[in-house]
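Visitor: I'd like to go through this one label by label. Could you show it to me, and then tell me what stands behind each word you use?

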Amino acid sequence: MRRHWDESDVKIRPNKKGSRPRTKDRPAYKEATIGRIITVDRGRYTAVVDEGTAQERSVTAVRAKELRRSPIVAGDKVGLVGDISGKPDTLARLIRIEERTNLLRRSADDTDPVERVVVANADYLVIVVAAENPEPRTGFIDRSLVAAFDSGLKPILCITKTDLKHPRWLLDYYRNVDLTILLSKAVDGRAPSEQGSEGLDVSLVEQLHTILDGSVSVLLGHSGVGKSTLVNALTGAERATGHVNAVTGRGRHTSSSALALQPRDSKAGTWIIDTPGIRSFGLAHVPVENLVAAFSDLAPGALDCPKGCTHSLTAPNCGLQAYVEAGQAGQAGAERLESLRKLLRVDEQEGDTEKELGNLEH
């Protein structure tokens, strides 16, 4: 016998989250205001809006839930909604990242596939090293040059503390490289107000100001080389400066987060991004062809390499080896090729690899 159940009195519990169907479509936020991220601090993002106008101001924002897994860094252009007045205790919402022109990236080491975004939308990478105390490491400079090439940034090598030691060997090492090199120089009798504590002088600051005016630039360097002092001289900021340990020859990190600053008397859109002291600059994300191409003094030799050449010391008919042996890469060609091979990790079996990235001694 078939029974008929009467369900007319069954009560359906309402959905606490509402009855609207879920959708993956997000609002377009066409009215969002565009800002430039100048610093990131514990989930709070500081952005400059109405840049270059009388209404220019800083806005604090938090990012929307859908951007939780997206890295947002200094230099990023972002869309902001909500309270963008910039008044104290107000908070805007960061709802999208605008299209980037480039990204400066690094990995923890050369085997770590995880990329770490350093800055976005920059034009120049200023690599700051000291001629002495601490001694410059060509490995770190070469890694920085590869990162700049891979990201499409123009590199500048800035050598401080040349009053302590003339960096002749460093200039010779990079003589045939397509690279702008600026030197600080101490002049006897210069007034203390003109001479910096890190071997900086007015002419160096003026040179950098002229080159970087109207652009976004990233300053990169080990602690103790005078990077923060240089930033302060360019921008009038008061970034903390550190000293070099007399035992280890290394500096103590004085900056903890990347910060974009506006140089004094500069064009609108000019920003100097000071990065925290970085001890490692892994290149796991950089393809082999970009590693080779970044060595502009050696790259022409690779055109004569056979297909699939590893560029190792024992690679048959390696064009790079022949190019260097013919003297076409200059006097430092052999050293430069050795540095490239260390980055390519092709000759590890012939010697110990670096214990710390960027610590190659000359």
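Visitor: Let's start with Arg106: where is its place?

Guide: Arg106 sits in strand E6, which runs over residues 103-107. Keep in mind that we're looking at a predicted model.

Visitor: And why is Arg106 called buried?

Guide: Buried means under 20% relative accessible area. Arg106 has 19%, so it counts as buried.

Visitor: How far apart are Arg106 and Phe281, in sequence and in space?

Guide: They're 175 residues apart in sequence, yet 5.7 Å apart in space, C-alpha to C-alpha.

Visitor: What about Val177: buried or exposed?

Guide: Its relative accessibility is 10%, and the cut-off is under 20%, so Val177 is buried. You'll find Val177 in the loop between helix H2 (168-173) and E10. Leaving aside residues up to four places away in sequence, Val177 touches Ser296, Asp297 and Arg336. Val177 and Ala329 are 152 residues apart in sequence, with 9.1 Å between their C-alpha atoms.

Visitor: How much can I trust the model as a whole? What is the mean pLDDT of the chain?

Guide: The mean is 84, and 78% of the residues reach 70 or more. For residues 186-199, though, pLDDT stays under 50, and the model has 22 contacts there beyond four places in sequence. Residues 242-255 also have pLDDT below 50, with 35 contacts beyond near neighbours in sequence. Where pLDDT is low, predicted coordinates shouldn't be read in detail.

Visitor: Fair enough. What is the chain built from?

Guide: There are 7 helices and 13 strands. Of the chain's 362 residues, 46% count as buried. Take the contacts between residues at least 6 apart in sequence: 65% of those join residues at least 24 apart.

Visitor: What makes you say that the buried residues of H3 line one face of the helix?

Guide: The buried ones in H3 (residues 202-212) are Leu204, Val205, Leu208 and Leu212. Looking down the axis of H3, they fall within an arc of 95°, so they line one face.

Visitor: What do those buried residues of H3 pack against?

Guide: Five strands or so you might guess, but here's the list itself: strand E8 (124-130), strand E9 (154-160), strand E10 (180-183), strand E11 (216-220), helix H4 (227-235) and strand E13 (271-274). After H3 comes Gly214, with a positive phi near 90°.

Visitor: Why is H4 described as largely enclosed by the rest of the structure?

Guide: Because 8 of its 9 residues are buried. Those are Lys227, Ser228, Thr229, Leu230, Val231, Asn232, Leu234 and Thr235. They pack against E8, E9, H3, E11, E12 and E13. H4 is followed by Gly236, whose phi is positive too, near 80°.

Visitor: Which residue that is not a glycine has a positive phi in the loop between E8 and H1?

Guide: That's Asn133, with a phi of about 55°, in the loop between E8 and H1. Most residues other than glycine have a negative phi, and most peptide bonds are trans. The bond from Asn133 to Pro134 is cis, with omega near 5°. Pro134 belongs to that loop between E8 and helix H1 (138-151) as well.

Visitor: What makes Asn133 partly exposed?

Guide: Partly exposed covers what lies between the 20% and 50% limits. Asn133 has a relative accessible area of 40%, so the label fits.

Visitor: And how do you know that Asp265 is exposed?

Guide: Exposed means over 50%, and Asp265 comes to 76%, so it counts as exposed. Asp265 isn't a glycine either, and has a positive phi of about 55°. Its loop is the one between strand E12 (259-261) and E13.

Visitor: How many cavities of 30 Å³ or more are there?

Guide: The count is 4. The second largest holds about 70 Å³ of space.

Visitor: Which residues line the second largest cavity?

Guide: Val128, Val129, Ala130, Pro134, Glu135, Pro136, Arg137, Phe140, His222 and Val225. E8 gives the largest share of that lining, with 3 residues. Pro134, from the cis bond after Asn133, is one of the lining residues as well.

Terms used. Residues are numbered from 1 along each chain as its sequence is written. This is a predicted model: local features need pLDDT of at least 70, side-chain atom pairs count only at pLDDT 80 or more; totals for chains, interfaces and linings use all residues. Side-chain values use heavy atoms; hydrogens and water are left out. Buried means under 20% relative accessible area, exposed over 50%, partly exposed in between (1.4 Å probe, protein chains only). Helices (H or I, at least four residues) and strands (E, at least two) are DSSP runs, numbered from the N terminus. The arc is that of the directions from the helix axis to the C-beta atoms. Contact means heavy atoms within 4.5 Å. pLDDT is the predictor's confidence in each residue, from 0 to 100. On a 1 Å grid over the protein atoms alone, a cavity is a set of points where a 1.4 Å probe fits but cannot get out, and a pocket is an open set with protein on both sides within 12 Å along at least five of seven lines; lining residues have an atom within 4 Å of a point. Grid points are joined across faces, edges and corners, and a volume is the space filled by probe spheres set on the points.
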